[in-house]
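The exercises below are meant to be worked with the sequence and the coordinates open side by side. Each task is followed by a solution that proceeds in steps.

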Amino acid sequence: MTIGELIQNMDSAVLTGDHATEVASVEYDSRKAGPGSVFVAIRGYSVDGNCFIGDALKRGAIAIVTDDPT
């Protein structure tokens, strides 16, 4: 599946980059992120997944899903 296919029905999705990029997996734990993965940064009660975006990118994540525009 491509990133473009993954977000095609999301009204508020913003994608900067190539819509044809292949997605290997979707992860919410940055430790499981790897080459080709999409990391979903979930803001929890005690931990904010946005704090782990850098880690996911270092592990090879190709895209980030977040509710934080910064």
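**Exercise 1.** Which helix and which strands each supply at least two residues of the lining of the largest pocket?

*Solution.* Keep in mind throughout that the model is predicted. Start with the pocket itself, which has a volume of about 610 Å³, and then take the 25 residues that line it, of which Val14, Ala63, Ile64, Val65 and Thr66 are the closest to its centre. Assigning lining residues to elements of secondary structure then shows that α1 (3–7), β2 and β3 each supply at least two of them. As a last step, sort the lining by class, which gives 15 nonpolar, seven polar and three charged residues.

**Exercise 2.** Determine the strand order of the open sheet and the sense of its pairing, and explain why one side of β1 and of β3 is left without a neighbour in the sheet.

*Solution.* As background, the strands of a sheet pair through backbone hydrogen bonds, in either a parallel or an antiparallel sense. Take the pair of β1 and β2 to begin with: β2 covers residues 37–40, and the two strands pair in the parallel sense over three bridges. Within this pair, valine 26 has valine 38 of β2 as its bridge partner, and glutamate 27 is matched in β2 by phenylalanine 39. Next, consider β2 and β3, which also run parallel and are joined by three bridges; here valine 40 has its bridge partner in β3, namely valine 65. Putting the pairs together yields an open sheet of three strands in the order β1-β2-β3, with parallel pairing. Because β1 (25–27) and β3 (63–65) stand at the edges and each has a single partner strand, one side of each is left without a neighbour in the sheet. On average, neighbouring strands of this sheet are turned by 25° against each other, direction ignored.

**Exercise 3.** Is serine 30 buried or exposed, and which side chain does the side chain of serine 30 join in a polar contact?

*Solution.* First locate the residue: serine 30 lies in the loop between β1 and β2. Its relative accessibility is 5%, and since buried means under 20%, serine 30 counts as buried. The side chain of serine 30 is joined to that of aspartate 55 by a polar contact of 2.9 Å. Serine 30 also belongs to the lining of the second largest pocket, as do Tyr28, Asp29, Arg31 and Phe39, among others. That pocket has a volume of about 160 Å³, and by class its lining comprises seven nonpolar, two polar and two charged residues.

**Exercise 4.** Classify glycine 36 and asparagine 50 as buried or exposed, and find what separation the C-alpha atoms of glycine 36 and alanine 61 have and which side chain asparagine 50 contacts.

*Solution.* Glycine 36 is found in the loop between β1 and β2, and at 15% relative accessibility glycine 36 counts as buried. Although glycine 36 and alanine 61 are 25 residues apart along the chain, their C-alpha atoms are separated by 5.6 Å. Asparagine 50, for its part, is found in the loop between β2 and α2 (53–58), and with a relative accessible area of 14% asparagine 50 is likewise buried. The final step is to examine the side chain of asparagine 50, which makes a polar contact of 2.4 Å with the side chain of threonine 66; this threonine is one of the residues closest to the centre of the largest pocket.

Technical notes: Residues are numbered from 1 along each chain as its sequence is written. This is a predicted model: local features need pLDDT of at least 70, side-chain atom pairs count only at pLDDT 80 or more; totals for chains, interfaces and linings use all residues. Side-chain values use heavy atoms; hydrogens and water are left out. Two strands pair if DSSP finds at least two bridges between them. Helices (H or I, at least four residues) and strands (E, at least two) are DSSP runs, numbered from the N terminus. Axes are lines fitted to C-alpha atoms, for helices over the stretch in contact, and angles run from 0 to 180 degrees between N-to-C directions. On a 1 Å grid over the protein atoms alone, a cavity is a set of points where a 1.4 Å probe fits but cannot get out, and a pocket is an open set with protein on both sides within 12 Å along at least five of seven lines; lining residues have an atom within 4 Å of a point. Grid points are joined across faces, edges and corners, and a volume is the space filled by probe spheres set on the points. Ala, Val, Leu, Ile, Met, Phe, Trp, Tyr, Cys and Pro count as nonpolar, Asp, Glu, Lys and Arg as charged, and the others, Gly among them, as polar. Buried means under 20% relative accessible area, exposed over 50%, partly exposed in between (1.4 Å probe, protein chains only). A polar contact is a pair of N or O atoms within 3.5 Å; within protein, one must be able to donate a hydrogen and the other to accept it, and residues adjacent in sequence count only if both atoms are side-chain atoms.
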